[in-house]
Amino acid sequence: MPEGHTIHRLAADHLAVFGGRPVRASSPQGRFDAGARALDGRVLDGVDAHGKHLFLGFDTPGADWVHIHLGLYGKFGFGEGTAPAPVGAVRLRLAHDDAYADLRGPTACELITQEGKDALHARLGCDPLRDSDDGEKAWGRIRLSRTSVAALLMDQKVVAGVGNVYRAEVLFRNGIDPTRAGRDLDREEWEAIWADLVGLMKEGVRNNRIDTVRPEHTPEAMGRPPRVDDHGGEVYVYRRAGAACLVCGTEVRREELAARNLFWCPACQKN
DNA sequence: GAACAATGACCAA
DNA sequence: TGGTCCTTGTTCC
């Protein structure tokens, strides 16, 4: 789940559920005990998200933000009403009388100062979901790089928030071979990719899932049986290795690149 | 009950 | 490039 859209959605959800009133904070698992104690009884007064980094702002002297990075399998679980006894390894639980949220398995969950937060922003690239960002800074890196577009899109210093699903899907939708070097990309191609990411990821925040298949290519529109899909959204190539491309029927390929699965259609995506 | 996979990122060499 | 960390759910004996 955790690509940029998840994080921005979590920021909004936390503010909606917990904003403006004191929360009870605890670390049932124990690994965030000191932090949870500092937050307990405080008021959530601001949230922010940049790429895959989530920031929850509390009125806590000297520890302005909780910085959370979900990593590969971190997860938040929200619930209504009084929180039940925690199940499993809950790093952080936020709660009030009407709702609770449990955080499990994050790579990072720490208290940081405003300066610490600024430093994190400084090493993150443009985020398609931040209204103040555009793709220009990323283009400056990409247009000079011999690295593959596939690797550049996953580099959080270049583009923040894109993960393995959006990478595969945006390259498919724009007909770009993943192995193409950044410097062999046209400016128009990059602008189309960026605009596509903005649209797809905003929809991802709204729906809380990744859907990338255009209406004309849905299984229904193509007269194919609806596909059973195990990651929660409708996609062209992600985790579809060996299956027929939804557009041309060619077998979708999978290869490992920098220890991550890369999926693409060798016919639709041109170098 | 073990083995494995997973939408991530860090570090060392 | 390889090893490590974080946790849960699924799959396979």
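In helix H6, the buried residues (under 20% relative accessible area with a 1.4 Å probe, protein chains only) are Asn164, Val165, Tyr166, Arg167, Ala168, Glu169, Val170, Leu171, Phe172 and Arg173. This is a predicted model, in which local features need pLDDT of at least 70, side-chain atom pairs count only at pLDDT 80 or more, and totals for chains, interfaces and linings use all residues. Residues are numbered from 1 along each chain as its sequence is written, chains are lettered from A and ligands numbered from 1 in the order in which they are written, and side-chain values use heavy atoms, with hydrogens and water left out.

**Helix H6**

- Ten of the ten residues of helix H6 (residues 164-173) are buried, so this helix is largely enclosed by the rest of the structure.
- Helices (H or I, at least four residues) and strands (E, at least two) are DSSP runs, numbered from the N terminus.
- Through contacts (heavy atoms within 4.5 Å), the buried residues of H6 pack against helices H1 (4-18), H5 (149-154) and H7 (187-207), and also against strands E9 (253-257) and E10 (260-264).
- Gly175, just after H6, takes a positive phi of about 65°.

**DNA strand C**

- Around DNA strand C, with a heavy atom within 4 Å of it, are Gln29, Arg31, Tyr73, Gly88, Ala89, Arg91, Arg104, Gly105 and Thr107.
- Of the atoms of DNA strand C that come within 4 Å of the protein, 57% belong to sugar and phosphate.
- Among the polar contacts (pairs of N or O atoms within 3.5 Å), a polar side-chain atom of Arg31 lies 3.1 Å from a phosphate oxygen of DNA strand C, while a polar backbone atom of Ala89 is 3.3 Å from a phosphate oxygen of that strand.
- An N or O atom in the side chain of Tyr73 is 2.6 Å from a base nitrogen of DNA strand C.

Definitions and conventions
Polar contact = N/O pair within 3.5 Å; in protein donor to acceptor, adjacent residues only side chain to side chain. Buried < 20%, exposed > 50% of the residue type's maximum accessible area, 1.4 Å probe, protein only.
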